[in-house]
Amino acid sequence: MALAMGLGRLARRGGQGLLDALLPPHCLACDQPVLDQGTLCGGCFAGLHTIVAPLCYNCGLPFEHEGQGEDELCPACIARPPAFERARAAFLYNEAVTRLILPLKHGDRTELARPLARWMAAAGAALLEEAEVLVPVPLHRRRLFTRRYNQAALLALRLGRLAGRRVLPDALERVRSTPSLGPLGAERRRAVLAGAVRSRPRIAPQLAGRRVLLVDDVLTSGATAGACAEALLAAGAARVEVLAVARVADPRSAVPGH
């Protein structure tokens, strides 16, 4: 048995070495050479800004300094508590992270879901530990037809494998196509999304009484996540939390589709 396992490891290493010889490793975000497949060069990695405390307990908005906010909450969450309990993201939304998210979302770079999910798992370890099922933010069928895949579903499936959690890729559906939310304020975003997302009746029994982790690529104002959380809670979910790749530090910034 030990000999067989050793031979298997050697074969895998040999196969990876042959792959590296045929296709030399390049940075996931640019063309710079790197030592290992599926990694970033030093410059691209340095451009990623990890979100750490202090931050808003509810929406994960990073604070500039300790003591900011009231009871660990940002003004927006105090004024209007979100439907989800907590939201967290791996990185601040900036140019460096867009070089990973946009190719996944629009450029058929589906292999990027794997490293992004690893970073999300690290940032959302506490959320994943308590989650019972993972649900991706849905795309409207027309957008799904054009794009051919839902990037949030790819991330959720990868996260499910990493954390050993069940994934319900079709738990939610967008019943109405919505325009780009980028130029809209928080209140207008919520109005546009009202009634646009619902749970699928056949999946609802699998949500009832469960702690659900909603997965998306970018969190901006929280309007999309809030609409999805409301649909999940209406289906009987006990609690909804949110995990994303990136969080926009200023919700007024335009991020198309969010």
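I took contact to mean heavy atoms within 4.5 Å. The model I worked from is predicted.

Entry 1, helix α9. I looked up which residues of α9 are buried, and found R189, V192 and L193. Viewed down the α9 axis, these buried residues lie within an arc of 90 degrees, so they line one face of the helix. I then asked what they pack against: β4 (172-174), β5 (197-199) and α11. I also noted G195, just after α9, where phi is positive at about 75 degrees.

Entry 2, α9 and α11. I turned to how α9 (residues 186-193) meets α11 (residues 223-234). Their axes come within 9 Å and cross at roughly 40 degrees. That angle makes α9 oblique to α11, because it falls outside the range under 35 degrees that counts as roughly parallel and outside the 65 to 115 that counts as roughly perpendicular. The crossing of α9 with α11 is right-handed. On the α9 side I listed R189, R190 and L193 in the contact, and on the α11 side A223, T224 and A227. By type, I sorted the residues of this contact into three nonpolar, one polar and two charged. R189 and L193 thus turn up twice in my notes, as buried residues of α9 and as part of the contact with α11.

Entry 3, helix α5. I checked α5 (residues 113-123) for buried residues and wrote down A113, P115, L116, A117, M120 and A121. Among the helices they pack against are α4 (95-106), α6 (125-130) and α8 (151-163). The strands I recorded as packing partners of these α5 residues are β1 (87-92), β6 (211-219) and β7 (239-247).

Technical notes
Residues numbered from 1 in each chain as written. Predicted model: local features only at pLDDT ≥ 70, side-chain atom pairs only at ≥ 80, totals over all residues. Heavy atoms only, no water. Axes fitted to C-alpha atoms, helices over the stretch in contact; angles between N-to-C directions. Helix = DSSP H or I, 4+ residues; strand = E, 2+ residues; numbered from the N terminus. Parallel < 35°, antiparallel > 145°, perpendicular 65-115°, else oblique. Left-handed = near helix turned anticlockwise from the far one by under 90°. Nonpolar A, V, L, I, M, F, W, Y, C, P; charged D, E, K, R; others polar. Buried < 20%, exposed > 50% of the residue type's maximum accessible area, 1.4 Å probe, protein only. Arc of directions from axis to C-beta.
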